[in-house]
Amino acid sequence: MAKIKRRGRPKYKFTKKKESLWGIIAMACSIVALIVFIAAVVVSVSCAGEADIYNGSRGMLALLFSIAALVLGMEGLRQRDTYKLYSTIGTFAGLILTICFIIIYLTGILF
């Protein structure tokens, strides 16, 4: 039998905390928003900027997913006795994506 060498101390978990379900869903929503946004950009570039109305609806769908990620991530941060990693990632990703989408839409409307 081979002896397995461990680096550092063994890690024990003496808590009943779990990852927040809202945080996991928020992170998934932000990933979906990013994928939908990238797909909309690829379609727009391949059509030389003359994409159809469906591409605009993809962008709006990505905006809705990013807003959902922001709200769900904030709800996950409010939960007690849960780990906050996924909630924090989902909240910040949703916030950044929402700000980016709003800037893109305002740029398209104003210019």
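The exercises below go through the predicted model shown above, each with a worked solution.

Residues are numbered from 1 along each chain as its sequence is written. In this predicted model, local features need pLDDT of at least 70, side-chain atom pairs count only at pLDDT 80 or more, totals for chains, interfaces and linings use all residues, and side-chain values use heavy atoms, with hydrogens and water left out.

**Exercise 1. The outline**

Task: State how many helices and strands there are in the protein, and in what pattern they follow along the sequence.

Solution. Step 1: helices (H or I, at least four residues) and strands (E, at least two) are DSSP runs, numbered from the N terminus. Step 2: the protein has 3 helices and 2 strands. Step 3: along the sequence they give the pattern β-α-α-β-α. Step 4: contact means heavy atoms within 4.5 Å. Of the contacts with a separation of 6 or more, 77% are between residues 24 or more positions apart.

**Exercise 2. Helix 1 against helix 3**

Task: Describe how helix 1 and helix 3 cross, and which residues meet there.

Solution. Step 1: helix 1 covers residues 21–46 and helix 3 covers residues 85–110. Step 2: axes are lines fitted to C-alpha atoms, for helices over the stretch in contact, and angles run from 0 to 180 degrees between N-to-C directions. The two axes come within 8 Å and cross at roughly 30 degrees. Step 3: the crossing is left-handed, a term for a near helix turned anticlockwise from the far one by less than a right angle (right-handed if clockwise). Step 4: the residues that meet include Ser30, Ala33 and Phe37 in helix 1 and Ala93, Leu97 and Ile104 in helix 3. Step 5: the residues of this contact divide into 12 nonpolar, 5 polar and no charged. Here Ala, Val, Leu, Ile, Met, Phe, Trp, Tyr, Cys and Pro count as nonpolar, Asp, Glu, Lys and Arg as charged, and the others, Gly among them, as polar.

**Exercise 3. Helix 2 against helix 3**

Task: Do the same for helix 2 and helix 3, then examine Thr91.

Solution. Step 1: the axes of helix 2 and helix 3 come within 7 Å and cross at roughly 145 degrees. This crossing is left-handed. Step 2: among the residues that meet are Gly59, Ser66 and Met74 in helix 2, and Thr91, Leu95 and Tyr105 in helix 3. Step 3: the contact residues divide into 12 nonpolar, 10 polar and no charged. Step 4: Thr91 lies in helix 3. Buried means under 20% relative accessible area, exposed over 50%, partly exposed in between (1.4 Å probe, protein chains only). Thr91 counts as buried because its relative accessibility is 10%. Step 5: a polar contact is a pair of N or O atoms within 3.5 Å; within protein, one must be able to donate a hydrogen and the other to accept it, and residues adjacent in sequence count only if both atoms are side-chain atoms. The Thr91 side chain reaches the backbone nitrogen of Met74 at 3.3 Å.

**Exercise 4. The largest nonpolar core**

Task: List the residues that make up the largest nonpolar core, and say where Leu97 stands.

Solution. Step 1: a nonpolar core is a set of buried Ala, Val, Leu, Ile, Met, Phe, Trp, Tyr and Cys residues joined through side-chain atoms within 4.5 Å. Step 2: the largest one has 6 residues: Ala33, Val36, Ala62, Leu63, Leu97 and Phe101. Step 3: helix 1, helix 2 and helix 3 each supply at least two residues of this core. Step 4: Leu97, in helix 3, counts as buried because its relative accessibility is 12%. Step 5: not counting residues up to four places away in sequence, Leu97 touches Ser30, Ala33, Leu34 and Ser66.

**Exercise 5. Two loop residues**

Task: Which of these words, buried or exposed, fits Ser20, and which fits Asp81?

Solution. Step 1: Ser20 is in the loop between strand 1 (18–19) and helix 1. Ser20 counts as buried because its relative accessibility is 1%. Step 2: the side chains of Ser20 and Gln79 are joined by a polar contact of 2.7 Å. Step 3: Asp81 is in the loop between helix 2 and strand 2 (82–83). Asp81 is exposed because its relative accessible area is 63%. Step 4: most residues other than glycine have a negative phi. Asp81, not a glycine, has a positive phi of about 55 degrees.
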